[in-house]
Structures are given as structure tokens and as C-alpha cells.
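Student: I have a structure to look at and would like to learn how to read it. Could you guide me through it, one feature at a time?

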Amino acid sequence: MTSTDNFITGVEDIPIETPIQASAFGPSCCSCYSRLCCCSCSYTVPTLKDLWTRDKRLLRSILVIVVLLNIPIGQYILYPFMIFSTWIHESFHGLAAISVGGGIEWLNIYSDGSGLASTYTNGSSFQRGWVASAGYQSTAVVGGIMLTFRRSNFACRVGTCGLGFAIILSVILFIRNIFGLIMMAFMGSILVLAGWCLPQFWVGELYALLAATTCLNAVTSIRVLFSPAGMVNGVVTAGSDAVAMQEVSKVWMPSWAWATIWMILALYMTTIGICFTMETKENNAQAQEQFRVEEMTELT
């Protein structure tokens with residue numbers, strides 16, 4: 001019988017601010033901006049004109065976030081997106097434990113935007129470190145991947161429904177506190193219904209807003225790890241994922257260094273999500289036609 005090591009990980013401290021805006025842009029798959037070509041997933045630095053023409057969906061999300069951050073009611077509107085990012089953070093602590101032969105005991109999501117994940121492994125330093133580092137890293141990676149699919153109508157609809165079903169599944173299997181059960185069940189149901197029933201325009205807007213806030217929350221929430229203490233569900237705690245990594249690494253690497261590495265990864269994934277995009281042939285054909293019309297207009 002293999003002994004197990006039970007521990008709580010994934011302390012998601014309260015973000016001091018709601019996730020802030022992303023700046024935007026990336027090329028499409030199988031097209032180049034100002035000239036038509038047959039490249040696949042090419043990269044190019046966008047001009048301001050390209051930015052406005054091809055990525056209005058992301059620009060609108062940025063505008064919405066900026067406006068909401070500066071009006072009194074804005075924090076309440078962005079609140080569900082903060083909770084969504086916390087859910088991703090805690091869920092990936094659990095998935096990391098499962099990936100190394102451990103498991104999840106429970107996931108808790110709290111009303112202040114913090115969360116806890118109780119997981120178990122066989123107790124090796126590698127496995128503990130893998131689980132402790134998974135929260136912030138995975139939030140950054142998931143946000144970046146979501147951003148790359150923001151221009152595909154099909155991906156936006158499938159992604160929105162898929163996220164809703166994943167949330168509902170986590171509610172059934174792992175979430176155990178009252179707020180988490182009610183809030184996440186409601187959020188999962190809304191995402192499934194929105195992805196299934198809303199017109200394509202609104203599904204795309206919702207998906208882009210989810211992607212932008214998730215990716216940027218991976219940046220803004222990490223700064224709390226540079227403080228010696230945080231707060232979870234109204235209780236001050238000295239532990240954090242960065243502190244756990246310091247303990248696992250036998251103090252050869254301090255907690256602030258781990259927090260810095262995770263912040264760099266979050267910034268990198270945000271950049272990747274902005275600069276590389278995937279889209280369906282239908283979306284790509286529409287974009288090419290739009291460029292033809294604009295180029296003809298400029299010529300005349």
C-alpha cells in the first residue's frame with residue numbers, strides 16, 4: 001500500500017483588483033493581413049489598421065473591461081469573471097494531482113474571490129511541487145489558449161459550452177462549500193445556455209471577455225504572492241503556492257523567485273494568445289473579402 005500525503009494547495013488570495021485589460025492582436029491561420037496568401041498559422045506584427053479591422057471582438061472586450069474598472073457598478077459586473085478565473089486555478093491544482101497518481105478531496109470557491117484545493121499525492125517533492133505550481137501556470141496557459149481561438153465562431157461556441165459543462169461536472173464531483181456549489185452551478189448553466197442559444201455575435205463577445213479576463217487575471221493575481229501573507233475566505237494565511245514551492249525546493253529558491261517565474265509565464269502566454277490566432281475557413285474567407293474591399297477602396 002502506498003502511503004499518501006494529504007495537503008491543501010491552491011491558496012488563491014483575493015485579487016486586489018479585478019483583472020485588467022489586454023492589448024490585442026494576432027494574425028490569422030491561412031491568411032496574412034494586407035496580402036492574401038496560403039501560409040498556415042503565420043505570425044506578423046499587426047498595424048493599428050490591422051488591429052482595428054481584424055480584432056474588433058478583442059478590442060471591444062478590452063474597452064468593456066476598462067470602462068467597468070472605472071465605474072462603481074463595474075466590479076459587480078466583472079465579479080463572475082474573477083470567480084471563473086479562481087475556478088480554473090483551483091481545478092488545475094486538482095488535475096495536476098490526478099496526473100501524478102493522486103487525487104482531489106474537495107475544491108472550495110469563496111465569495112471574496114479566493115479558493116482552496118485539497119489534494120493528495122504520495123508525498124514526493126516533485127509531486128508536491130507539480131501540484132503547487134499548477135494553479136497560476138495553468139490559469140495563464142488556459143487564458144492564452146482561449147485567446148488564440150477568439151476569432152473562430154465555431155471555437156467560441158464550442159468553448160463556451162464546453163467550459164459550462166466542465167464547471168457543472170466539477171460541482172457534481174468536487175466542490176463542497178455552499179457558495180461554490182450555488183455560484184458555480186449557476187455559472188456553468190449560464191455558459192451552456194449562452195453557448196447553445198445566443199446568436200453568434202454575442203457568443204463571440206462572451207468568449208472573448210472570458211479569455212481576456214482569464215489571461216490577464218493570471219498576471220494581476222500573482223502579485224499577491226510577493227506579500228508574506230494573504231487572505232482566503234476572510235482569514236489571513238501565511239501560506240501560498242509560492243511558499244509551498246519554496247518549501248518543496250528546500251529553500252534553494254525563495255518564494256518571490258517562483259512568483260516572478262509564474263508572472264513571466266503569464267505575460268508570455270498573454271502575448272502568445274494575442275499574437276497567434278486560429279480561425280475557421282468561414283471566418284478567414286470573410287476577412288479576406290473585407291481586405292479586398294478595403295484595398296479596392298484605397299486604390300480608388
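Tutor: Let's begin with a pair of strands. In this predicted model, β2 and strand β3 (residues 115-121) run antiparallel and are joined by six bridges.

Student: Which residues face each other across the pair, and what is the bridge partner of G103 in β3?

Tutor: G103 has Y120 as its bridge partner in β3. Further along, I104 stands opposite T119. As a general idea, side chains in a regular strand alternate between the two faces of the sheet.

Student: What do β2 and β3 form, and how many residues lie between them?

Tutor: They form a hairpin, with five residues between the two strands. In the turn, look for G113, which has a positive phi of about 90°.

Student: Are these strands mostly covered or mostly exposed?

Tutor: Both are mostly covered. In β2, five of the seven residues are buried, and in β3 six of the seven are. For the chain as a whole, 51% of the 300 residues count as buried.

Student: Now the helices. How many helices and strands does the chain have?

Tutor: There are 10 helices and five strands. The general idea for an α-helix is that it has 3.6 residues a turn, so residues three or four places apart point the same way.

Student: Why does the length of helix α4 agree with its number of residues?

Tutor: Count 1.5 Å a residue: the 24 residues of α4 (residues 125-148) should then span 34 Å, and because the end C-alpha atoms are 34 Å apart, the two values agree. Even so, α4 has a kink of about 45°, centred on A134. The helix is also mostly covered, with 17 of its 24 residues buried.

Student: Where should I look for the largest nonpolar core, and which residues have the most contacts inside it?

Tutor: That core has 37 residues, and F84, W87, M184 and M187 have the most contacts inside it. Among the elements that give two or more residues to it are α3 (74-99), β2 (103-109), α4 and α6 (178-197). The element that gives the most is α7, with eight residues. Apart from this core lies another, of 17 residues, including Y136, V219, I222 and A266.

Student: What is W87 in contact with, leaving aside its neighbours within four places in sequence?

Tutor: W87 touches I109, L163, A166, I167, S170, I175 and M184. Contacts that reach along the chain are a wider theme here: of those between residues at least 6 apart in sequence, 78% join residues at least 24 apart.

Student: Is M263 buried, exposed or partly exposed?

Tutor: M263, in helix α9, has a relative accessible area of 22%, and because buried means under 20% and exposed means over 50%, it counts as partly exposed. M263 and A140 are 123 residues apart in sequence, and their C-alpha atoms are 8.8 Å apart in space.

Student: Which elements have the lowest and the highest mean pLDDT?

Tutor: Strand β1 (residues 5-12) has the lowest, 52, and α6 the highest, 96. Over the chain the mean is 77, and 72% of the residues reach 70 or more.

Student: Where does pLDDT stay under 50?

Tutor: One stretch is residues 1-5, for which the model has 12 contacts beyond four places in sequence. Another is residues 14-44, with 107 such contacts. Where pLDDT is low, the predicted coordinates should not be read in detail.

Notes. Residues are numbered from 1 along each chain as its sequence is written. This is a predicted model: local features need pLDDT of at least 70, side-chain atom pairs count only at pLDDT 80 or more; totals for chains, interfaces and linings use all residues. Side-chain values use heavy atoms; hydrogens and water are left out. Helices (H or I, at least four residues) and strands (E, at least two) are DSSP runs, numbered from the N terminus. The expected span of a helix is 1.5 Å times one less than its number of residues. The bend at a residue is the angle between axes fitted to the seven residues ending there and the seven starting there. Buried means under 20% relative accessible area, exposed over 50%, partly exposed in between (1.4 Å probe, protein chains only). A nonpolar core is a set of buried Ala, Val, Leu, Ile, Met, Phe, Trp, Tyr and Cys residues joined through side-chain atoms within 4.5 Å. Contact means heavy atoms within 4.5 Å. pLDDT is the predictor's confidence in each residue, from 0 to 100. Two strands pair if DSSP finds at least two bridges between them.
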